[in-house]
Amino acid sequence: MSEATTFCLIVSAVLFGIGTLGVLPRRSAITILMSIEIMLNAGNLALIAVSRVLPGQGGLGLVDGHVFVLFVLAIAAAEAAVGLAIVLALYRLKRSTDIEVLRLLRW
Amino acid sequence: MDALLTPACCVALAAITAVEAKLYIAGIVALVSGLVVVMHRNSVIGALFLVLNLLSVAVMFALLDAYFMAVLQVLIYAGAIVVLIIFVLMLLNVGREPRGGPGLGVRLMALLLGLAMVFALVRAVRSFTPGSEDGGVLTEGYGTVSQLGEALFNQYFYPFEVVSLALVAAMAGAVLLAKRYLED
Amino acid sequence: MLPYLLLIPLAPLLGFVLVGVLGASGLLTDRWVHRIAVAASLAALVFSCAAVWEFSSGLDHLVPLAEEDPGRFLVQPDEGDSPARFSVTYAPWIPLGDTLLRGWSSTGERTASLTVGWTLSFDALTAIMLLVVAGVGTLIHVYSIGYMAGDPGYSRFFAYMNLFMAMMLTLVLGGNILVMFIGWEGVGLCSFLLISYYYDQVFDRESGLTCADAGRKAFITNRIGDMAFVLGGLLLLITFGTFDFYAISDAIDGSSEFWYASLLLTGVGLLLFIGATGKSAQIPLYVWLPDAMAGPTPVSALIHAATMVTAGVYMLARMSSLFWHAPGAMLVVAVVGCLTAVFAATMGMAQYDIKKALAYSTVSQLGYMFLGAGVGAFVAAIFHLVTHAFFKACLFLGSGSVILRAGHSNDMRLYGGLKKWMPVTYATFLISTLAIAGFPLMSGFMSKDEILARSLFSTRGHTLLWLFGTFGAVMTSFYMFRAVYMTFHGENRSPEWVRHQLKESPRVMTGVLAVLAAGALFVGFLGVPEGVSKLVGLGNVNWFEHQLHPVVAARGVVAAASHGEHGGQAGVDTHEDPAADSAYASALTADEATGHGEPQALEIDVIREGLVAHPTLGQEWALFGVGLGVFLAGLGLASWAYGNNMRRAAAMAGSLGFVRRLLHRKWFVDELYDKLVIGPFKALCRGADAIDRTVVDGAVNLAGILTEISGQVIKLFQTGVVRHYAVWLLAGTVLVLWIVMG
Amino acid sequence: MDYQLFEIWTAMPTLWPAVYGLLLLLFVPALREDRQWLWGFAVAGMVLTIVVPSYMLYHIGSYGDYRETAGMLGMEMVRADRLSLSLDILFGVAGLLALLLMPVYLDRARAYRPEVYPLTFLSVAGMTIMVGTDNLMMIFLGLEVLSISLYVMCGIARETPTGIEAALKYFLLGAFSTGFLVYGVALLYGATGSLDLEGIASAVALGAPGLAPYGDGMLLAGMALVIVAFAFKIGAVPFHFWTPDVYQGAPTPVTAFMAAGTKAAAFGVLLRLLHTGLSSSIDVSSRWILALSVLAAATMIIGNVMALVQDRVKRLLAFSSVAHAGYLLLGLLAPLDVGVANVVFYLTVYTFMTIGAFAVVSVFQDAGHDADHISHFSGLWSRHPVLAVTMAVFLLSLTGIPPMGGFTCKYVIFLSALRAGHPLLALIMGIAAVIGAYYYLRVLVAMFFKPPEQELSAEIVVPSPTRVVLAVSVVATVLLGILPSYVLEPLSRISASLAMLP
């Protein structure tokens with residue numbers, strides 16, 4: 001199972017990179033939010049993958065990682081809610097979700 | 001003893017390869033769908049591929065014996081968060097985003113930096129070698145609801161409550177920011 | 001009084017708070033503003049006098065008190081080798097606990113406490129400085145009543161002046177480097193506030209500098225020096241485990257041989273000296289002082305002539321044992337001081353602005369003080385500080401009196417013949433000019449010529465230093481008399497409307513001038529140099545030296561120096577020798593045995609501990625003659641050039657209109673000036689000025705501009721686009737990953 | 001069952017603001033009309049938020065430097081020691097001062113929403129959770145509670161374009177950095193098999209000859225990512241780009257709260273994380289020290305240089321806060337017994353002086369917008385002398401002029417950097433401080449030496465709660481400079497309670 005774990009970890013690392021780069025080419029705040037979800041997801045995958053092979057009590061497998069993933073899920077939901085609310089407020093003001101309009105504050 | 005063990009090992013090996021094959025497929029699907037989310041200029045399509053991405057990760061969870069987390073991944077992530085995102089996309093009628101993004105220089109630099117980071121991270125995760133793996137057996141009931149529930153309401157009782165705090169803050173905040181004011 | 005030293009700086013601080021708060025909220029009339037301010041300053045003077053009185057009547061009665069409360073008082077009556085001193089710690093300030101120091105003593109490691117306290121201390125040096133600061137300060141407060149009358153910022157001015165007094169007194173009284181640093185930074189701040197007092201006036205038409213710009217320049221330049229000061233202090237802290245001046249001195253004196261000429265002490269000495277150059281306007285950090293004349297004239301007199309700018313000299317004297325043990329640093333001090341003295345004097349000759357001329361003169365005189373300190377004549381340096389405080393304050397205040405009456409113009413080309421209208425101002429200005437130019441037996445003669453003599457005869461002096469210093473003295477005499485001639489002699493060149501209102505300044509100002517002039521006349525007799533008293537057949541009547549010498553004497557240096565010469569690099573291998581004396585004795589015998597070194601010089605050193613030789617009677621006479629010659633040369637040159645000029649200029653004044661007359665005259669003065677300073681000399685002056693403007697000033701400005709430009713460039717990265725920020729975040733992540741993962 | 005009670009008591013600094021915030025949220029609809037009452041309840045609750053940890057800190061000696069826990073089955077989730085309690089007091093103070101500033105400011109900006117009070121409590125709760133634990137999971141959750149509340153508070157003026165822009169920027173970049181934190185924690189967990197700092201410390205200590213039991217590279221990468229996440233929160237260069245934009249766009253009282261509170265919380269976590277979790281092996285600690293030194297140097301220089309060219313005081317103070325983060329990072333590099341007390345002391349002084357400065361800025365409003373251009377401060381001395389002097393005290397303290405608190409704390413940090421063997425960084429700090437003098441001076445010059453702007457000659461009204469904030473901040477700033485020993489002495493005992501496992 002060692003290769004599988006390593007594979008999962010590599011997938012998670014690449015997925016993390018993809019999420020990170022997603023912040024870049026996109027202009028819609030919502031798409032950026034989605035890329036951030038991918039980043040969190042990559043973290044979750046890494047946590048689950050390593051939890052399975054870490055020594056716990058009475059054998060392999062630590063539950064800590066699972067609990068952390070659960071919390072990350074909940075926090076992701078909370079963040080998404082707040083983020084979308086901010087996007088809504090922006091849309092109400094500017095009729096746009098484009099981050100390029102956010103240029104009042106600079107320099 | 002060896003004679004007895006060998007067929008067992010063979011069976012296990014076969015099972016493992018099967019699992020691994022599934023993992024590989026799911027992993028590649030996850031990566032590709034993630035890439036589509038990031039690259040596609042239409043946010044709605046991006047959101048749909050995000051669902052695919054989350055589902056394939058959920059499959060990987062299941063293959064990694066984290067059954068309950070797989071279920072939660074589907075329920076919360078794909079079921080709740082992405083639905084919320086799609087709802088907002090529909091509400092705001094966001095479609096294709098306008099052309100024009102960062103210049104080539106910025107893109108190139110970002111790509112290079114991203115590749116450098118992925119390279120470093122891949123190098124890092126390849127160093128992962130859990131020491132007692134050989135001969136280790138999964139704990140009884142690993143990844144089941146009962147195990148997680150037990151942990152949540154024992155050791156993790158306090159953080160569990162803290163999560164509720166974050167959810168309350170998010171709820172209050174979302175209402176505060178998105179609700180039309182009564183006085184308006 | 002001594003246990004309540006705190007009252008001395010607190011009195012003006014209280015005045016600052018009262019005047020500042022009540023005055024700003026408009027609750028005080030001008031009359032009450034200056035009453036409170038002067039009273040606060042006077043209180044500081046009274047408390048200082050009381051403290052000095054108690055100190056001079058002996059410290060013995062304080063010792064039992066110290067036993068009751070060992071943490072608070074530290075009393076050391078005058079005994080044997082060490083001078084009388086007193087320090088009191090009111091409260092702990094920064095408790096940093098103990099730390100392990102290792103390395104330099106025979107015991108290897110030791111723990112030192114890094115706790116810094118609110119400590120004030122008192123010795124003869126402090127006493128002299130206190131009297132000068134509080135005395136001159138109070139006088140200038142009184143003078144300001146007249147000078148600043150009717151100014152819209154009356155209460156602000158007096159509030160800042162009181163704050164300055166509090167800070168300066170803190171600087172003087174501070175018993176450790178940090179407390180001194182409060183005063184050190186505080187006087188810089190007040191100087192900035194007071195220079196910028198007429199914030200919106202353009203004060204230098206050529207460069208368009210406003211007074212606020214001048215203030216900022218002063219502050220920033222000072223901060224650069226301050227940084228070096230702090231670094232030096234911290235290095236001392238790390239080395240000796242304490243900030244306390246006395247403890248540091250004792251530590252250095254206590255193992256003289258180890259410390260003598262060590263790299264560490266030299267480095268610290270240089271850092272401290274850079275700090276002093278910032279505050280005391282020496283090369284290269286002097287650029288701010290001429291611009292500082294943008295402030296009101298009493299400020300120039302108090303801060304930029306009498307007190308704050310002398311803080312660097314005071315600090316050097318405070319750290320004299322360190323400098324004694326760092327001959328390299330001392331050499332730098334002497335050379336830089338000497339160069340500053342000459343360089344500033346040449347620039348002083350090119351000025352038409354009376355205050356700028358006086359400012360360059362101040363820089364030059366400060367250079368003499370540093371020259372004195374650099375050749376080991378700390379007493380003479382401090383003495384020159386005291387006499388300079390009197391005559392330069394008097395000169396500045398006299399110029400203020402002129403400026404006030406001459407239509408608020410600083411330009412000497414618009415003065416002339418003022419002695420008719422302002423006799424008291426003229427008399428006091430002349431007395432002070434005689435003093436600074438070195439008229440025999442006046443205060444400047446006593447102190448400056450003493451410094452020059454020491455620079456010639458001290459073992460740490462050099463003939464070149466003396467030559468340059470004497471050259472500068474000629475120029476001093478010249479530019480001062482030039483100012484006198486241009487301002488007070490000849491015919492008046494003021495505009496018509498000014499001439500009608502010319503009259504003597506109010507009593508409150510002339511009174512102060514008279515007191516200061518009396519000081520310029522008589523203070524010199526406190527410190528009659530040994531040479532001079534010998535000429536008239538008296539013994540050593542130098543009261544000043546008698547008081548101050550124990551504080552700044554070089555203890556153990558001679559032994560260490562001779563030891564260093566013979567015992568190899570450092571005293572590491574020999575420092576377990578019994579006592580410095582026997583080490584010295586053995587060194588002497590070794591000297592005679594091997595015939596090495598300079599026994600002659602060493603013998604001279606022994607006589608005066610201060611490494612200063614006794615000149616012969618003939619040499620003394622020669623020096624006296626040179627001093628007189630210097631004075632006369634400057635006077636002669638000035639009267640030839642300007643006495644003449646003014647008469648000729650008067651003859652030229654025909655039926656031309658005022659403006660054209662003025663233009664002509666300006667041209668005439670310029671041409672005469674050209675004739676006078678023919679050829680290389682003119683080039684020298686211009687060159688010095690050019691260097692001042694381009695290289696030194698330019699370097700300071702360039703550093704500022706470069707910083708600003710880089711700020712403007714980096715600012716462009718702050719595009720406001722989230723995506724770009726994310727790229728930077730990514731870049732940072734890669735950086736951190738790369739650093740951490742190697 | 002005495003044990004159970006004791007546990008709850010240990011968690012009290014966290015529980016109190018959380019529960020009180022939730023209660024307040026419940027009462028918001030009922031008290032929507034009685035604004036004064038709601039505000040009064042909030043202030044009273046925040047005072048108790050200060051009192052609770054103060055009381056515990058006062059009595060901490062009688063329990064020993066305790067490492068008590070709340071949570072069950074021996075999983076330490078909450079830790080009340082000197083570090084967390086000292087910082088808890090600081091969070092309460094920041095929250096209280098911000099609460100005092102809020103109603104008038106938000107009213108004038110027409111952005112008053114009663115929910116801002118419970119959100120303040122929740123963010124304080126988040127801070128206390130972050131610093132009062134040894135568990136990475138709790139640190140993450142506390143950070144999120146804090147951040148989510150702050151995202152909302154930044155955008156509370158949702159009608160103003162700048163307000164919502166600040167909120168969105170803060171949110172997007174904050175969530176981005178959260179991604180880094182999660183992945184970093186995952187890697188640390190994978191490398192050491194523990195989410196607990198003590199577990200990580202013992203794993204790292206036992207990891208020899210490698211660095212960690214299950215993967216050296218993973219440990220280092222995880223450490224790097226976690227450092228990145230917190231460097232973002234403290235605004236270290238090059239993770240600082242959000243700072244000026246968000247500080248400028250957010251309502252000034254929220255800015256003040258963020259500047260002081262978030263920074264203190266993030267530094268508290270970094271202290272614990274780096275010094276308890278990742279210092280048990282010299283190979284590991286030398287690497288984060290190297291990384292942080294680079295960040296510190298860049299932060300000190302860039303922060304100060306950027307502040308030099310700002311014309312808006314809020315932005316200037318934002319860059320100044322970046323610069324101060326650099327100085328604080330320098331304090332972080334020193335070993336535990338040398339540096340910790342100094343960092344916490346610096347944070348204490350910083351809290352007062354920065355909130356004070358922002359409080360002065362909050363007074364300057366023009367038709368609901370911040371009137372914080374440097375020219376608005378012109379002639380403040382003649383318009384409102386007391387306000388000018390107050391601001392001068394904060395600016396001088398930020399510059400580091402003795403005897404203000406800002407000098408004392410800079411001095412102790414400087415010294416600890418020297419003692420820890422970073423002379424080059426100390427030198428950079430010195431140069432940076434010289435540059436810093438210049439821009440603070442610009443504001444001073446404007447206030448004291450420039451004539452007032454004609455169109456702004458309307459009378460400046462300082463509301464009485466703001467006066468309280470200013471008075472408290474001035475007194476604290478000066479007293480912490482003159483008599484810091486009363487704070488530094490107790491703080492110096494922190495290091496003992498933080499010391500690593502044997």
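## A buried serine in chain A

Contact here means heavy atoms within 4.5 Å. With that in hand, welcome to a predicted model, and let us begin with one residue of chain A. Ser51(A) sits in helix 2 of chain A, which covers residues 29-53. What does Ser51(A) touch, leaving aside residues up to four places away in sequence? Within chain A the list holds Gly61(A), Leu62(A), Gly65(A) and His66(A). From other chains, Tyr142(B) and Tyr189(D) are also in contact with Ser51(A).

Is Ser51(A) buried or exposed? Its relative accessibility is 0%, so Ser51(A) counts as buried. The side chain of this serine also has a polar partner: at 2.9 Å, it reaches the backbone oxygen of Leu47(A).

## Chain B as a helical chain

Chain B is simple to describe in terms of secondary structure: six helices and zero strands. Following the sequence gives the pattern α-α-α-α-α-α. Chain B has 184 residues, and 41% of them count as buried. How much of its contact set links residues 24 or more positions apart? Among contacts in chain B with a separation of 6 or more, such pairs account for 64%.

One loop of chain B deserves a look. Asp65(B) lies between helix 2 (43-63) and helix 3 (67-92) of chain B. Its phi is near 70 degrees, a positive value in a residue other than glycine. Asp65(B) counts as buried because its relative accessibility is 12%, and the cut-off for buried is under 20%.

## Where chain B meets chain C

Next comes the contact between chain B and chain C. Chain B contributes 12 residues and chain C contributes 10 residues. Between them the two chains bury about 920 Å², and 85% of this area is on carbon and sulfur atoms. Which residues of chain B lose the most area to chain C? They are Leu113(B), Met117(B) and Arg123(B), which together make up 44% of what the chain B side buries.

What does the rule find in the way of salt bridges across this interface of chain B and chain C? The count is zero. Residue pairs in polar contact, with both residues at pLDDT 80 or more, also come to zero across the interface of chain B and chain C. On the side of chain B that touches chain C, the residues divide into nine nonpolar, two polar and one charged.

## Paired strands in chain C

In chain C, strand 2 (residues 85-94) pairs with two other strands. Strand 1 (residues 73-76) of chain C runs antiparallel to strand 2, and the pairing has four bridges. Within it, Phe73(C) has Val88(C) as its bridge partner, and Val75(C) stands opposite Phe86(C). Strand 5 (residues 116-122) of chain C also pairs with strand 2 in the antiparallel sense, over six bridges. There, Ser87(C) has Ser121(C) as its bridge partner.

Why is strand 2 of chain C described as largely enclosed by the rest of the structure? Seven of its 10 residues are buried, so the description fits strand 2 of chain C. Strand 1 of chain C shows an alternation of side chains. Phe73(C) and Val75(C) point to one face and are buried, while Leu74(C) and Gln76(C) point to the other face and are not buried.

## Backbone points to check in chain D

Most residues other than glycine have a negative phi, and most peptide bonds are trans. Chain D offers exceptions of both kinds, and they are easy to find in the loops. The bond joining Val237(D) and Pro238(D) is a cis peptide bond, with omega about 0 degrees. Pro238(D) belongs to the loop between helix 9 (216-234) and helix 10 (242-249) of chain D. Another cis peptide bond runs from Pro402(D) to Pro403(D), with omega near 0 degrees. Pro403(D) is in the loop between helix 16 (385-399) and helix 17 (405-419) of chain D.

Arg110(D) is the exception in phi: its value is positive, about 55 degrees, although Arg110(D) is not a glycine. This arginine is placed in the loop between helix 4 (82-108) and helix 5 (116-131) of chain D. Is Arg110(D) buried or exposed? Arg110(D) counts as exposed because its relative accessibility is 61%.

Notes:
Residues are numbered from 1 along each chain as its sequence is written. Chains are lettered from A and ligands numbered from 1 in the order in which they are written. Side-chain values use heavy atoms; hydrogens and water are left out. Buried means under 20% relative accessible area, exposed over 50%, partly exposed in between (1.4 Å probe, protein chains only). A polar contact is a pair of N or O atoms within 3.5 Å; within protein, one must be able to donate a hydrogen and the other to accept it, and residues adjacent in sequence count only if both atoms are side-chain atoms. Buried area is the accessible area (1.4 Å probe) that two parts lose on being put together, summed over both. A salt bridge is a side-chain nitrogen of Lys or Arg within 4 Å of a carboxyl oxygen of Asp or Glu. Ala, Val, Leu, Ile, Met, Phe, Trp, Tyr, Cys and Pro count as nonpolar, Asp, Glu, Lys and Arg as charged, and the others, Gly among them, as polar. Two strands pair if DSSP finds at least two bridges between them.
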